[in-house]
Amino acid sequence: MTAEKKISAGVHQNRQLTMDTPETPAPTTRLSLWTRLAYGTGHVLNDLCASMWFTYLLLFYHQVIDIDNRNAGYLMLLGQVADGLSTPLVGFLSDRPCCGLATMTRRKCWHFLGVVCVLVSFAFVFQPCLFCAEDASQSTKLAYYAPFIVLFQFGWASTQVSHLALVPELSSDNAVQVELNAYRYAATVSSNLLVYGVAWILLESSGSSADDLTSHDVGVFREMVFIVLGVGALFMVIFYVGVRAPPAGRQLKRYSESEPDEETRLIAAVDDKQIKAFDWFKNPRFYAIGFLYMCTRLMMNVSQVYLSLYLLDTLHLTKTYIAVVPLALYISSFVGSMAIRIFSKANKKLTYFFGAILVIGACDWMWVDDIGMQVFGPAILLGFGGSFILITSLSMTADLIGSNTHTGAFVYGCMSFLDKLSNGLVVMVVQQIQPCQNGLCCSMCPGFYQGVMVFIPGTIATVSIIALGTAVALNMDVFRCRKKPEPIPNVVEYECVA
């Protein structure tokens, strides 16, 4: 059933009042270029670490540390589950008052807590076991890496959710939100470019003559992880200095210093009628956009996890290509993130559809056997398509939140929970059915990783297009607060539909 809650208040023409509704942008939507750029850097540490996590974790544990495929999959699943459970929890808690640092707003407080956890734990994730003998058992290695992975994923989730939740608080203007997400994604792409560029240089200068990764390459990952953490920490300082977050979400703003009268208090009461955290579970658009966001992350992350294995074990390229090909992918992603502002002005849904079609095209191309150097073609298509669908899905989520910024972190936390849990489960299933569980790649590996790169992202892209079309057909546009036409002069009514 549809319940309508109406609040009417007489508003005189000479009274200067603003209300944060989708139709009435707040004054804070006029963000300076410095603030927008600084916001984009707030996720760089996470992006750098995530690039290493998704691209090199399985390679590092299996080929460098000698952890078998199944156990490497268990470690990645553990991380994804820890991240998935942390995101809605952090989202719910970060919508509450500040976590204890009086000098920081609630969003920056949780962001800072996440940064500390990442800096403390991530270095150990890509290092050999400090207390293990050379012949240490698989269970010993699992027990050693598990706590660091859990702490890292909690910190990653805390930083991610609080950073995303800042978007609708910094601006209620849709164009500005798209631009903030574009800057954020451009920083993500630049972070990936840095990781792959560093990996390329370190692998070329490692002195190892082997074409595949071996235990002799452990120094490459040690140096890479410290470069990642150092650069990430620097950009976190830029973020904290450059972005002044709103202290407690969007509220009714007055330019007058006088006490609010009865009319003002009635209008301000609209804020109290906004959606509570668990009310989102009654909203069909919450599930539709959550599903699209999950599909988007699955397409991108599964491609990123298995691209390196596809290059080494299916195409039999040398190990430097595990840096060069992802580098080309993210260069195209960077170009796509800049072009998204042109496409998004037309229609977000069409932009998402176009990005998903590019992903399907890349998967079809990789179905061709022994494409060799042609692999740069599908990599570029994946880069463009991935940037389009990710930025658009984030913008759709910001639209969903609208003026309900007091529960914004909870919404992003739930979206991320679906993303992380689904990614962990898919990777775990792939690792379980991998045909060669012990030792190096066997004769079945080439076709197996080719199938993974073709069918998983391609199928998910197809499903996401179907889901998008279904959402459009059903016109899922509920839980929006909108200004109603004035039935009588100087009277404004607001209506929230549940």
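Here are legends for several close-up views of this predicted model.

Residues are numbered from 1 along each chain as its sequence is written, and side-chain values use heavy atoms, with hydrogens and water left out. Because the model is predicted, local features need pLDDT of at least 70 and side-chain atom pairs count only at pLDDT 80 or more, while totals for chains, interfaces and linings use all residues.

**View 1. The whole protein, with its 14 helices and five strands.** Helices (H or I, at least four residues) and strands (E, at least two) are DSSP runs, numbered from the N terminus. Of the 498 residues, 58% count as buried; buried means under 20% relative accessible area, exposed over 50%, and partly exposed in between (1.4 Å probe, protein chains only). Take the contacts with a separation of 6 or more: 83% of them are between residues 24 or more positions apart. Contact here means heavy atoms within 4.5 Å.

**View 2. Helix 2 (residues 44-64) packing against helix 6 (residues 174-204).** Two packed helices are described by the angle between their axes and the distance between the axes. Here the angle is about 50° and the axes are 8 Å apart, which makes helix 2 oblique to helix 6. Axes are lines fitted to C-alpha atoms, for helices over the stretch in contact, and angles run from 0 to 180 degrees between N-to-C directions. Under 35 degrees counts as roughly parallel, over 145 as roughly antiparallel, 65 to 115 as roughly perpendicular, and the rest as oblique. The crossing is right-handed, meaning the near helix is turned clockwise from the far one by less than a right angle. Helix 2 residues including Val44, Leu48 and Tyr56 meet helix 6 residues including Arg184, Ser191 and Ala199.

**View 3. Helix 2 beside helix 7 (residues 218-242).** These axes come within 9 Å and cross at roughly 170°, so helix 2 is roughly antiparallel to helix 7. Among the residues making the contact are Cys49, Phe60 and Val64 of helix 2, plus Phe221, Val228 and Met236 of helix 7.

**View 4. Helix 12 (residues 376-401) from end to end.** At 1.5 Å a residue, its 26 residues should span 38 Å (1.5 Å times one less than the number of residues). The end C-alpha atoms are 38 Å apart, which agrees. With 21 of the 26 residues buried, helix 12 is largely enclosed by the rest of the structure. Just after helix 12, Gly402 takes a positive phi of about 55°.

**View 5. Leu315 and His316, in the loop between helix 9 and helix 10.** Leu315 counts as buried, at 11% relative accessibility. Leaving aside neighbours within four places in sequence, Leu315 is in contact with Tyr310, Asp370, Ile371, Gly372 and Val375. Leu315 and Tyr449 are 134 residues apart along the chain, with their C-alpha atoms separated by 9.8 Å. His316 is exposed, with a relative accessible area of 58%, and its phi is near 55°, a positive value in a residue other than glycine.

**View 6. Asp66, in the loop between helix 2 and helix 3.** Asp66 is a residue other than glycine with a positive phi, near 65°. At 55% relative accessibility, Asp66 counts as exposed.

**View 7. Two buried cysteines, Cys117 and Cys414.** Cys117 has 12% relative accessibility, and Cys414 has 11%. The structure holds zero disulfides, a disulfide being a pair of cysteine sulfur atoms within 2.5 Å.
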